[in-house]
Amino acid sequence: MSYARTSVIVRLVLIAGSIAGALSANQAFAQDYHPSPENLQARREFQDMKFGMFIHWGVYSVLGDGEWVFHERHLKLDEYNRLPSFFDPEKFDATTWVALAKAAGMKYITITSRHHDGFAMFDSKISDWNIVARTPYKKDPLKMLADECHRQGIKLFFYYSQLDWHNPDYYPRGATNWNNGRPDHGDFNSYLDNYMDGQLRELLTNYGPIGGIWFDGMWDKPTADWHLDKTYSLIHQLQPAALIIPNHHQTPRPGEDVQTFEHDLPGQNTAGFNTKYVSAELPLEMSDTLNGNWGFNIGDSNYKSAAEVERRLVRAAGSNANLLMNIGPYPNGEIDPQFVTRLKAVGEWLTKYGESIYGTRGGPIAPADWGVTTQKENNIYVHVLNWSAPLLALPPVATKIVSARLLVGGDPVDVTQTADGVILKVREQGKDETDRVIVLTTSK
Ligand code: H79
C-alpha cells in the first residue's frame, strides 16, 4: 500500500474518531505532524553527506562472534552478565576513529549506543546495565566520540535497539525469544516510557547536537504498540533537527525522517525482510557490512574490496540513497587493519570522484546494469560501471546537453542527443578503474 493511500485511510479513521469523540493522542499526532524547518534542513544535509560509517561495538565484541552471540548461543542471563567484566578497550581512541571516517570520505558516524543485548555503551542513569557501571573501563566512549565528532566536523548518530534481550520488562517477548532466565511477566509500557525514553532523553541531552537516532529491532514484535508517537515527539522536542531513522522494514510512518534499507538498495529485497516500498519524499539510506558481519567476528575474513565499496556507494547514490558502511572494531578498541586499508583507499578514490557523489541526488536515468546517474545543479553525472562496447545508448533526458566531458582529466566525450535518447562514446575501462564518470552539462 502506498504512503499516500495510508494517509488517506489515517485521515478517514481520524474523521470517524473525532465524530465519535474518541480521538486518541496517537491519531492526532499522525495528522498534526509537520517536520520543523530545522528537521527539513537536516534531511537535505543528510542527503548531501552520502557516505557514513556504521560502527557495531559492544560487550559482545569480546567473544568475537558477532552481535547476536547472546541469542545465537542461547546464553542465560547470568552467563551473559559475566561479559562486561572482560570489556576493557584500552586502545580505544576517539580521535583515531573519527580521523579514519574522515580519511574514508565519510561524513557521518552511526554507532551502537546499545544493541539487542540492551547493554548501554554510555553513561546511563536509567539502569546499571551500562559500560560505566559494569566494565573495568568505567568510561563513556560515546561522550569521547561525540566530543571528537564535534571537533572534526562529523555528524554523530546513535543506533538504539528497541528490542531488548536483557530487561525483564521487555515482555511479552517477541520473535527472537528464548528462555534465558527472565520471568514470564513484565511491564512493556514501563520499558518503553521509563527505560527506553529515559535513555533516549539522556542520549539527546548529554552529547551535544546529534544527527539522530537509528532505531532497530521493532521487527521483533511488529504488531505491538511501541508508543512511537510519544518517543518520536520526545526526540523532535529535545532536538528538532535530529533525524529518526527506523530500520523496521516497513512503510515509513509520520514522524520518521529517513527510510533505511539493510543490505539492499532501495526497492530491492535480496535480504528477504526489506519492504519494496520506496519513499519519494524522505531521504534514503542503505546499510551494509565491510565483511560479512556487523559486530566483530574473529572468523570472518570475507572483506569487500575498496572497488566493491566504491561500486556500492555509486549504486546507492544513483538510487538517491546514502551508503552506511559498517565496521566492527575489536574489543580492545582497535579497528581491524584490513578495514583501515580499504576505507583509506575509498577515501582516496573519493578525492577524485567525490564531486559526482556528495551533494547529488539520483539522476534522471533509471539505474541499470551498465551503471547509474547522479545529478547536481546543471550537471548529470553518468557513472559507467559495467560497459565494454564503445557506444552507450541511454534513454532520452528532458534537458538539452551542452557539453560532455570526463570527470577525471576533463577530456571531451563524443555525445549525440536526439529525441530517442543520448549516445555516449565511452572509452575503455582502465586498470583498477571502478567507475568512468562522464559529466553532462545541461542548459539549465
Ligand atoms: O544491527 C545489525 C543486526 O544485528 C540487526 N540489524 C543490523 C543493522 C539485525 N538483526 N536482525 N537482522 C538484522 C536480520 C533480521 C532478521 C529478521 Fe526476523 C527476519 C527479522 C525479521 C525476519 C528472525 C525472524 C528474526 C526475527 C524474526
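**Exercise 1. Determine which polar contact marks the start of helix α12.**

Solution. At the start of α12, the backbone nitrogen of Q338 has a side-chain oxygen of D336 within 2.9 Å. A polar contact is a pair of N or O atoms within 3.5 Å; within protein, one must be able to donate a hydrogen and the other to accept it, and residues adjacent in sequence count only if both atoms are side-chain atoms. The model is predicted: local features need pLDDT of at least 70, side-chain atom pairs count only at pLDDT 80 or more, and totals for chains, interfaces and linings use all residues. Residues are numbered from 1 along each chain as its sequence is written, and side-chain values use heavy atoms, with hydrogens and water left out.

**Exercise 2. Compare the expected span of α12 with the distance between its end C-alpha atoms.**

Solution. Helices (H or I, at least four residues) and strands (E, at least two) are DSSP runs, numbered from the N terminus. The expected span is 1.5 Å times one less than the number of residues. Helix α12 has 17 residues (337-353), so it should span 24 Å; the end C-alpha atoms are 24 Å apart, which agrees.

**Exercise 3. Describe the buried side of α12 and what covers it.**

Solution. Buried means under 20% relative accessible area, exposed over 50%, and partly exposed in between (1.4 Å probe, protein chains only).

- Step 1. The buried residues of α12 are F339, R342, L343, V346, G347, W349, L350 and Y353.
- Step 2. These residues lie on the same side of α12, because they cover an arc of only 165° around the axis; the arc is that of the directions from the helix axis to the C-beta atoms.
- Step 3. In an α-helix there are 3.6 residues a turn, so residues three or four places apart point the same way.
- Step 4. The face turned away from the buried side carries the exposed residues P337, E348, T351 and K352.
- Step 5. The cover of the buried residues includes β1 (51-55), α6 (94-103), α11 (306-318), β8 (321-327) and β16 (436-442), where contact means heavy atoms within 4.5 Å.

**Exercise 4. Classify the aromatic pair of F54 and W294.**

Solution. Rings of Phe, Tyr and Trp (its six-membered ring) pair if their centres lie within 6.5 Å; planes under 30 degrees apart count as stacked, over 60 as edge-to-face and the rest as tilted. The structure holds 31 aromatic pairs. For F54 and W294, the centres are 5.5 Å apart and the planes stand at 75°, so the pair is edge-to-face. F54 lies in strand β1 and W294 in the loop between β7 (284-289) and α11, 240 residues apart. Both F54 and W294 are buried.
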